[in-house]
Amino acid sequence: MSTERIVDHCLSIHGERPDLPKHLLDWLAVAIGGAVHADSTPAILDGVRRIAGRPSDGSHQPGETGSSVASDAPVADGAASATILATGERVSPAAAALANGALAHSLDFDDTHLPSSLHPGAPTIAAALAAAEAADASMERFRTGVAAGYDVACTVGEAVGPDAHYDRGFHVTATCGTFGATAAAGVVRDLDGPALRNALGLAGSQAAGSLQFLSNGAWNKRLHPGLAARRAIEATDLATAGVLGAADPIEGEHGFLAGYTDDPNPGAFDRLERRDAIAETGLKPYPCCRYLHAAIDALRDIAPDVDPTAVTGVRIAIPAAGVRLTGEPIDAKRRPDGFVDCQFSAPFVAALVLAEGDAGAGPFLRAVGRLDAEPAWDDPTYRRIMDATTVSTDDAIERRFPDEWGARVSVTVDGTTHERSVTDPFGEPDRPMSIVDVREKTGELLADGPVDSAEVVRVVDALDDHSVDDIVDAATQ
């Protein structure tokens, strides 16, 4: 039984995962960076304060941009036992999990597990951290909860069949992330078997997340991991109080697999006990759609050999699903005018890499008007390259997808064509980002914010010598 295997795994798991500190550092970087750089941050934080019953001055309206993360709202009462990172505000664990999970996904720069097509860190670590703060849990208990959350989220994501799940209109990070976050919070809170079963049973009725955000770029997507983390805190709270949850919430007649997919893969649970899902999860070196990352790798290799002002043609071939997201309609993709537009524009990314030589956090943020820079999308060189860029797929790339998220790129300059092919993007387990790479990403994301990146790195580098409170203190202003 799938649910029983999750419970058994949570009760027997250990947190000795070599890649966990690197993923924690990455999560802290993208959560704090999201607080500083995402245009949705003021409204999301204001909304969380309202949900938490805290005063709001109403100064931030929906759609308003800005990077202010501080609040003059007074500290709440004794129920405020967890922290919103970057601002340092003390709120309830559920509110902290909501805020931190949403901020970690707000730049679409968080870790990605390709086989399940989900972002496991955003909901899992948000839930584990909020639960650990509230329970004054040990570092070992926190690490174990994070490990359990990754394993469960990725396993359920594979079991639901991500393609079929998406075809039904669900966002896998939101739905399957709810089960992973619940496992993480349950382990951190040291729930026994019956309580874990009840928590998962309650989470099964809360697993939600629609893809309808695609219709207008709504901030639902950014909220999804935070909502999953909040649901985990609530489910474990209710289970701790003795609330009875549904039996077999995943595999039951009316359970998750029956209701959320037309192509379930229950065999995914056969790997649960022996997997390390953290090691299977890639990190993003570039803050844009993952389908573009192999193309960026190819363009970075070509860029030193070409004059960007002389580019007459750029051809990008990626999987068809990526073409739909980043290359259609091509006229619109050639004229992005906002952060999210740029993240999902192959022509803009091509212009950025050929003009700047890179698409990492610093170059990308400057190109979209952050870090006190002017947006680059109206720059004549960028426009010329965007107009010269086409996006398509080919049989070889499509045939190898989804086992490979590859790209083939050609750039023509003065009649000479430069070609490169990449099968696996940088950051995937076969081509991993090193801890040095993640430190650099952290420094770039936190350079314009209220948190000292060196202190965050120092604490995570010696994680077992520190407490959960030390992580929170380092990650707040």
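A residue is called buried when its relative accessible area is under 20%. The model discussed here is predicted.

**Helix H3**

Helix H3 covers residues 41-51, and its buried residues are Thr41, Pro42, Ile44, Leu45, Asp46, Val48 and Arg49. These buried residues pack against three helices: H2 (20-37), H4 (93-105) and H10 (220-240). After H3 comes glycine 53, which has a positive phi, near 75°.

**Salt bridges**

Side chains of opposite charge can pair when their charged atoms come close. The count of salt bridges in this model is 32. Three of them are listed below, with the N to O distance.

| Basic residue | Acidic residue | N to O distance |
|---|---|---|
| Arginine 222 | Aspartate 39 | 2.9 Å |
| Arginine 49 | Glutamate 89 | 2.8 Å |
| Arginine 275 | Glutamate 158 | 2.9 Å |

The bridge between arginine 222 and aspartate 39 links helix H10 to the loop between H2 and H3, across 183 residues. Arginine 222 has 8% relative accessibility, so it counts as buried. Aspartate 39, at 19%, is buried too.

Arginine 49 bridges to glutamate 89, which joins helix H3 to the loop between strand S1 (82-83) and strand S2 (90-91), 40 residues apart. Arginine 49 is buried at 9% relative accessibility, and glutamate 89 is buried at 6%.

Arginine 275 pairs with glutamate 158; arginine 275 lies in the loop between helix H11 (256-260) and helix H12 (293-302), while glutamate 158 lies in helix H6, 117 residues apart. Arginine 275 is buried at 4% relative accessibility. Glutamate 158 has a relative accessible area of 13%, so it is buried. Shared partners join Glu158, Arg271, Arg275 and Glu280 into one network of salt bridges.

How values were computed: Residues numbered from 1 in each chain as written. Predicted model: local features only at pLDDT ≥ 70, side-chain atom pairs only at ≥ 80, totals over all residues. Heavy atoms only, no water. Buried < 20%, exposed > 50% of the residue type's maximum accessible area, 1.4 Å probe, protein only. Helix = DSSP H or I, 4+ residues; strand = E, 2+ residues; numbered from the N terminus. Contact = heavy atoms within 4.5 Å. Salt bridge = Lys/Arg side-chain N within 4 Å of Asp/Glu carboxyl O.
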